[in-house]
Amino acid sequence: WDTIGSPAGGYEVKVNVRTVGSGTIGATATIPYTLTAAPATGATLSANPSDNTASGNSVTYTATATGGTGPYEYEFQARVAGGTFVLGQAYTRTNHWTWDSIGSPAGGYEVKVNVRTAGSVATEATATIPYALD
C-alpha cells in the first residue's frame, strides 16, 4: 500500500481469500491500521510589502511549512517589539494573514506563525519576522 497522499487517520485493511478459479470467497481477515502524519519540521514567513510601510496600510504575511506530510494549519500572532504576542488569526488551513495596521502606531513589530499538522493540538514549527511601521 503506497500511502503517499493518504490522509492520517484510522483505516481497516481486509483480505479475501478464495481457491483459484472459484467465484466464492473462502475466508477473510481484517486488521486495523493507523496512519500518522509526519509533523512539520520548519516554517518560513514572508511579508508583502516586504519592507516597512506607513501606519494604516495592510501587510499580508504568507507562511510555508517544511518537512512533514501536511496538510497544515497556521496560526498568526503579532506584537509590538518586546511586548506580548496577541492572536491575529486562529489556526486554519489558510497560510496567509493580512494585518490591517489602521490605528497601529509607528514603530517596530514582530509577526509569528505557528504551524501544526491539521488535526494536531501541538505546534510543530514557528517562524518570526520583524516589521516596522513608519
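Accessible area is the surface that a 1.4 Å probe can reach, calculated here by the Shrake-Rupley method. In this predicted model, the protein exposes about 8000 Å² of such surface, and carbon and sulfur atoms supply 53% of it.

**The whole chain**

Begin with the entire protein selected and shown as a C-alpha trace, which spans about 80 × 25 × 20 Å along its principal axes. The radius of gyration of the protein is 23 Å, whereas a compact globule of 134 residues would have one near 14 Å. If you then colour by secondary structure, you will find nine strands and zero helices, so that the elements, read from the N terminus on, run β-β-β-β-β-β-β-β-β. Among the contacts between residues at least 6 apart in sequence, 56% join residues at least 24 apart.

**An open sheet**

Next, select β3, β4 and β7, the three strands that form an open sheet in the order β3-β4-β7, with antiparallel pairing. The edge strands of this sheet are β3 and β7, each of which pairs on one side only, and the twist from one strand to the next averages 20°. As general background, the strands of a sheet pair through backbone hydrogen bonds, either parallel or antiparallel. Now keep only β4 and β7 in view, and follow the five bridges over which these two strands pair in the antiparallel sense. To see one position in detail, select T60 and look across to T98 in β7, which stands opposite T60.

**The nonpolar core**

Buried residues make up 29% of the 134 residues in the protein, and the next stop concerns a set of residues from the interior. In soluble globular proteins, nonpolar side chains tend to be buried together. The largest nonpolar core here has 23 residues, and those that touch the most other members are L45, Y61, Y74, F76, W99, V113 and V115. To trace where the core comes from, select β3 (42-48), β4 (58-66), β5 (72-80), β7 (96-100), β8 (107-117) and β9 (125-133), each of which supplies at least two of its residues. Colour β9 separately, because β9 gives the largest share of this core, namely five residues.

**A last stop at W99**

Finally, centre the view on W99, one of the core residues that touch the most other members. Which residues is W99 in contact with, leaving aside its neighbours within four places in sequence? Show the side chains of N57, S58, V59 and Y61, and then add S104, Y109, Y131 and L133, for these are the residues that W99 contacts.

Terms used. Residues numbered from 1 in each chain as written. Predicted model: local features only at pLDDT ≥ 70, side-chain atom pairs only at ≥ 80, totals over all residues. Heavy atoms only, no water. Core = buried A, V, L, I, M, F, W, Y, C linked by side-chain atoms within 4.5 Å. Buried < 20%, exposed > 50% of the residue type's maximum accessible area, 1.4 Å probe, protein only. Helix = DSSP H or I, 4+ residues; strand = E, 2+ residues; numbered from the N terminus. Contact = heavy atoms within 4.5 Å. Pairing = 2+ DSSP bridges. Axes fitted to C-alpha atoms, helices over the stretch in contact; angles between N-to-C directions. Rg over C-alpha atoms; globule rule 2.2 N^0.38 Å.
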